[in-house]
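Hi everyone, and thanks for making time today. I'd like to walk you through a structure that is probably new to most of you, so let's put it on the screen.

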Amino acid sequence: MNAIQETNFQFPGQTGFYRGKVRDVYSFPDKLVMIASDRISAFDVVLPRPIPFKGQVLNQTASYFLKATADIVPNWLLDVPDPNVSIGLKCEPYAVEMVVRGYLAGHAWRQYRDGHRILCGVPLPEGLNENDRLPSPIITPSTKAHEGHDEDISREEILSRGIVPESEYVQLEQYALALFERGTSMAAEQGLILVDTKYEFGNRYGKVYLIDEVHTPDSSRYFYADTYVANQEAGQPQKQLSKEFVREWLIANGFQGKTGQIVPEMSDEWVNQITTRYIELYEKVTGQHFQRAEDTAPLSRIKTNILQAITD
């Protein structure tokens, strides 16, 4: 299968290029062309092997939820000319990610397990177990790093350092919680629980826009609702749809992104298993059948579709 490791295009009118952990972003005077590659990252490290169809899953999941939440907050998306491509408005990104958590899982649980009872300035009650539902959803922001690890940060520090003006930050909080509520409702319709997720926002001519991806397996964690209570009562791990299973595999093989650690070898079987899990998540969270973009020359297809979109 022809997984997309990276792209290196040069388009007419292009003004810039940026390669993120997963996406290749081409800048134009007023727009961005964002290509979702098949790269996969964990612990802020890009793993050596791409995952076939992962980029398509991310791109199509994100566009599905951007369209489903456009009544809550305006977003950047204008067009999806290819299974791996989104074109949208160029915005000035805020330097923080708005992480919303409804349950004590993942990073939040690891912090709690290690004795921390304040996360990003938010106090957490005593007596919680892994994956317990929180009294109400909380926002635990993180700084957005271009390289290296994103870092937890509190609301107070964001405001005191002037990273985001208070009036705009209040708006980001309101949007994030409203989006999480919508995502929770949409997940419930599919028999899922939206555990936690992150939102990124940008500013365009003084107006806040939702940018990047929304409610995808790279940005969100889901539990299966039908087994949640029984698993919690039995102290069993939750069956989940997210990228967490990749992190758990890496941890079990001695890698957490720390200096000196080596990424374990990814077998063909393991790569195919990740593909299957990503497709399962797409179909489960959207309720739609995933149509694989079978193509022996995906880069040529992507380039052709972008050129047609930007010259129309």
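Let me begin with a question: which helix gives the most to the lining of the largest cavity? The answer is helix 1, with four residues. Before going further, please keep in mind that this is a predicted model.

Let's stay with that cavity. It holds about 80 Å³ of space. Its lining includes Arg23, Met34, Trp76 and Asp212. Strand 3, residues 31-36, and helix 1, residues 54-68, each supply at least two of the lining residues. Sorted by class, the lining has six nonpolar, three polar and three charged residues.

How many cavities of 30 Å³ or more are there? The count comes to two. The second largest encloses about 30 Å³, and Pro217, Gln240, Leu241, Ser242, Phe245, Arg277, Tyr278 and Leu281 line it. Strand 17 (240-242) and helix 7 (268-286) are the elements that give two or more residues to this lining. Here the classes are five nonpolar, two polar and one charged.

Phe245 takes us to helix 6, which spans residues 244-252. Buried in this helix are Glu244, Phe245, Val246, Arg247, Trp249 and Leu250. What covers them? The cover includes strand 4, helix 2, strand 16, strand 17 and helix 7. After helix 6 comes Gly254, with a positive phi near 80 degrees.

Now for the charged pairs. The model has 22 salt bridges. One of them joins the side chains of Arg19 and Glu6, at 3.7 Å from N to O. This pair links distant parts of the chain, 13 residues apart: Arg19 sits in strand 1, and Glu6 in the segment before strand 1. Arg19 is partly exposed at 30% relative accessible area, and Glu6 is partly exposed too, at 37%.

Another salt bridge pairs Arg117 with Glu126, whose closest N and O atoms are 3.1 Å apart. Are these two residues buried, partly exposed or exposed? Arg117 counts as partly exposed because its relative accessibility is 25%, while Glu126, at 60%, counts as exposed.

One more pair: Arg301 and Asp295 meet at 3.7 Å, N to O. Arg301 is buried, at 16% relative accessibility, whereas Asp295 is partly exposed at 26%. Beyond single pairs, salt bridges with shared partners join Arg101, Arg110, Asp196, Arg221, Glu244 and Arg247 into one network. Notice two names from earlier there: Glu244 and Arg247 are among the buried residues of helix 6.

That's my tour. Thanks for listening!

Key: Residues numbered from 1 in each chain as written. Predicted model: local features only at pLDDT ≥ 70, side-chain atom pairs only at ≥ 80, totals over all residues. Heavy atoms only, no water. 1 Å grid on protein atoms, 1.4 Å probe; cavity = no way out; pocket = protein on both sides within 12 Å on 5 of 7 lines; lining within 4 Å. Points joined across faces, edges and corners; volume = space filled by probe spheres on them. Nonpolar A, V, L, I, M, F, W, Y, C, P; charged D, E, K, R; others polar. Buried < 20%, exposed > 50% of the residue type's maximum accessible area, 1.4 Å probe, protein only. Contact = heavy atoms within 4.5 Å. Salt bridge = Lys/Arg side-chain N within 4 Å of Asp/Glu carboxyl O.
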